Amino acid sequence: PREIFPDEHRISLTPRNIALLKKKGFANVLVEKHAGVQAQFLDEEYVAAGAAIVSQDELFDRTDIMLKVQPPSIDEEAKGMKEGSTVISFLYPTQN
């Protein structure tokens, strides 16, 4: 998904990573619309690499494994995620 943490310009997946995941057998790789803009990646680049561009609601409803740079916010993101899904992100133990 698009990172919502203030001044966060990184993205968890680049278009090149999408192509690698597809090559490894991941059938569906979903990317939130405009998720890569802050990192200078366009939606068209993700589509060309094999990703499907979706809304945040659809992403959270359909995702089994979610990759993020920042941990999901409890108020805005975590409560909208599909039950049983897995989140992979950086850990910041001094902030948690």
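Colleague: Let's start with glutamine 40: does this residue count as buried or exposed?
Modeller: Happy to begin there, keeping in mind that this is a predicted model. Glutamine 40 sits in the loop between β1 and α2 (43-49). Its relative accessibility is 64%, and because the cut-off is over 50%, glutamine 40 counts as exposed.

Colleague: About what positive phi does glutamine 40 have, although it is not a glycine?
Modeller: The backbone of this loop residue takes a positive phi without glycine being involved. For glutamine 40 the angle is about 70 degrees.

Colleague: And which residue other than glycine has a positive phi near 65 degrees?
Modeller: Look in the segment before α1, where aspartate 7 lies. Aspartate 7 counts as exposed, at 70% relative accessibility. The residue with a phi near 65 degrees is aspartate 7.

Colleague: Let's turn to charges. How many salt bridges does the count come to?
Modeller: Side chains of opposite charge can pair when their charged atoms come close. The cut-off is a Lys or Arg side-chain nitrogen within 4 Å of a carboxyl oxygen of Asp or Glu. By that rule, the number of salt bridges is six.

Colleague: How far apart in sequence are the parts that glutamate 3 and lysine 68 tie together?
Modeller: Glutamate 3 and lysine 68 form a salt bridge, with their closest N and O atoms 3.2 Å apart. Both of these residues are buried. Glutamate 3 belongs to the segment before α1 (15-23), while lysine 68 is in the loop between β3 and β4 (86-88), so the pair ties together parts separated in sequence by 65 residues.

Colleague: Which residue is linked with Glu3 and Lys68 in a network of salt bridges?
Modeller: Lysine 68 also forms a salt bridge with glutamate 77, where the closest N and O atoms are 3.2 Å apart. Glutamate 77 is found in the loop between β3 and β4. The network therefore joins Glu3 and Lys68 through a lysine nitrogen within 4 Å of carboxyl oxygens, and its remaining member is Glu77.

Colleague: Is glutamate 77 buried or exposed?
Modeller: Setting aside residues up to four places away in sequence, glutamate 77 touches Arg2, Ile4, Phe60, Lys68, Pro71 and Pro72. Its relative accessible area is 2%. Because the cut-off is under 20%, glutamate 77 is buried.

Colleague: With which side chain does that of glutamate 8 meet in a salt bridge?
Modeller: Glutamate 8 is buried, with a relative accessible area of 10%. The other member of the pair counts as partly exposed, at 41% relative accessibility. The N to O distance is 2.8 Å, and the partner of glutamate 8 is arginine 10.

Colleague: On to the pocket. How many residues of the lining of the largest pocket are nonpolar?
Modeller: The largest pocket holds about 470 Å³ of space. Of the 20 residues that line it, the closest to its centre are Asn28, Val29, Leu30, Thr63 and Ile65. Lining residues come from β1 (30-32), α3 (56-62) and β3 (65-67), each supplying at least two. Three of the lining residues are polar and three charged, and the nonpolar number is 14.

Colleague: What is the relative accessible area of leucine 30?
Modeller: Leucine 30 is found in strand β1. Beyond residues up to four places away in sequence, leucine 30 touches Ala52, Val54, Leu59, Arg62 and Thr63. Leucine 30 is buried, because the cut-off is under 20% and its relative accessible area is 18%.

Colleague: How many residues does the largest nonpolar core have?
Modeller: Its members are Ile11, Leu13, Ile18, Val29, Val31, Ala35, Tyr46, Ala49 and Ala51. A second, separate core of six residues includes Leu30, Leu59, Phe60 and Met66. For the largest core, the number of residues is nine.

Colleague: One last item: how far apart in space are phenylalanine 90 and glutamine 70, C-alpha to C-alpha?
Modeller: Phenylalanine 90 is in the segment after β4 and is partly exposed, with a relative accessible area of 45%. Leaving aside neighbours within four places in sequence, its contacts are Arg10, Lys68, Val69 and Pro71. Phenylalanine 90 and glutamine 70 are 20 residues apart in sequence, and their C-alpha separation is 6.1 Å.

How values were computed
Residues are numbered from 1 along each chain as its sequence is written. This is a predicted model: local features need pLDDT of at least 70, side-chain atom pairs count only at pLDDT 80 or more; totals for chains, interfaces and linings use all residues. Side-chain values use heavy atoms; hydrogens and water are left out. On a 1 Å grid over the protein atoms alone, a cavity is a set of points where a 1.4 Å probe fits but cannot get out, and a pocket is an open set with protein on both sides within 12 Å along at least five of seven lines; lining residues have an atom within 4 Å of a point. Grid points are joined across faces, edges and corners, and a volume is the space filled by probe spheres set on the points. Helices (H or I, at least four residues) and strands (E, at least two) are DSSP runs, numbered from the N terminus. Ala, Val, Leu, Ile, Met, Phe, Trp, Tyr, Cys and Pro count as nonpolar, Asp, Glu, Lys and Arg as charged, and the others, Gly among them, as polar. Buried means under 20% relative accessible area, exposed over 50%, partly exposed in between (1.4 Å probe, protein chains only). Contact means heavy atoms within 4.5 Å. A nonpolar core is a set of buried Ala, Val, Leu, Ile, Met, Phe, Trp, Tyr and Cys residues joined through side-chain atoms within 4.5 Å.
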